[in-house]
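Biologist: Please take one part of this model and go through it closely. I would like the charged pairs along the first helix, and then how that helix relates to its surroundings.

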Amino acid sequence: MFEIKINGLQELEKKIARTISEMPEAARRGVEKGLKTTAGIAIRLAPGVVAKSIKFEILNADGNEVAGRVFTDTSITSFAPYVEFGTGLKVDDQGNPEAIRLKRAKSIPWYIHVSMVPKSFEKYGYPKVKINGQEYWECDGMYPHPYMHPAAFQNREGTVNAVAVEIIKLFREAVV
C-alpha cells in the first residue's frame, strides 16, 4: 500500500475561491473598457457638438450580470438622437416602422424662421420661403448621420475581448 500526500492544496483552494469571487469585478472592468472604447469611436464619428453629449456608464454590476450603455446625454445636446436617425421623410427606421412615427414631425413640410438657426443652415439646401412677409426655411427632414450604431458594431468584438482580457489577467494572477 502507498500513500499520496499533496502539499499546498489549501493554498490552491484559496486561490480558486479568490479568483471566483473577483470574477464579477474583472467582468465589470472589461465591460467598462469596452464601453469607453465604443464611446470614443462614437465621439470620432459624431458631428460637432453632438460628440460632447456622448457618455457611457455601468448600469448594473450585481455579481450575476454586468450591463452598461453608451448614450447621448440630451441635456447637453437635445437634438443628438435626431442626428443619429434623421427626421421627417428622411428618417432611417432601421427596420422598425414604429420609429418613423416616433420621430416624424406633426406636419411635413415644417418651417423654421431664419432667425432660429445659424447662417450655415443654408448649406443643407432647404428652400427659403416667405410667409406673411417673414423668411423661413422649408424643411421636410434631415438625413441621418449615424455615429452610435456604427460605433457599437465596430467595437462589438472589442468589448467581448476586453472582458476576456480582464478575466485572463485574473487567472494569470491566480497561478503565480
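Modeller: What follows is a walk along helix 1, with its salt bridges taken before its nonpolar contributions. The model is predicted, and the count of salt bridges in it comes to 10.

Side chains of opposite charge can pair when their charged atoms come close. One such pair is Arg18 and Glu22, whose closest N and O atoms are 3.8 Å apart; a salt bridge is counted within 4 Å. Because these two residues are four places apart in helix 1, about one helical turn separates them. Arg18 is partly exposed at 38% relative accessibility, and Glu22 is partly exposed as well, at 30%.

Further along, Glu32 forms a salt bridge with Arg28, with 2.7 Å between the closest N and O atoms. Here too the partners are four residues apart in helix 1, about one turn. Glu32 has a relative accessibility of 30% and counts as partly exposed.

Arg29 reaches outside the helix: its side chain meets that of Glu166 in a salt bridge of 2.9 Å, N to O. Arg29 belongs to helix 1 and Glu166 to helix 5 (residues 156-174), so this pair ties together parts that are 137 residues apart in sequence. The two ends differ in their surroundings: Arg29 is partly exposed at 30%, whereas Glu166 is buried, with a relative accessible area of 3%. Through shared partners, salt bridges join Glu25, Arg28, Arg29, Glu32, Lys33, Glu166 and Lys169 into one network.

Now the nonpolar side. The largest nonpolar core has 12 residues, among them Ala39, Ile41, Ala42, Val83 and Met148. Helix 1 (9-45), helix 2 (80-85) and helix 4 (148-154) each supply at least two of its residues, and the largest share, three residues, comes from helix 1. Another core lies apart from it, with five residues that include Phe121, Tyr126, Trp137 and Cys139. Ala51, a member of the largest core, is in contact with Ile43 and Ala46, leaving aside neighbours within four places in sequence.

Finally, a nonpolar patch of about 780 Å² lies on the surface, made by Phe2, Ile4, Ile6, Leu9, Leu12, Ile16 and Ile20. Of these residues, Ile6 is placed in the segment before helix 1. Ile6 has a relative accessible area of 59%, which means that this residue is exposed, the limit for that class being over 50%.

Key
Residues numbered from 1 in each chain as written. Predicted model: local features only at pLDDT ≥ 70, side-chain atom pairs only at ≥ 80, totals over all residues. Heavy atoms only, no water. Core = buried A, V, L, I, M, F, W, Y, C linked by side-chain atoms within 4.5 Å. Buried < 20%, exposed > 50% of the residue type's maximum accessible area, 1.4 Å probe, protein only. Contact = heavy atoms within 4.5 Å. Patch = residues over 30% accessible without salt bridge, like charges linked within 9 Å, V, L, I, M, F, W, Y side chains within 5 Å. Areas by Shrake-Rupley, 256 points an atom, 1.4 Å probe, with all protein chains shown as cover.
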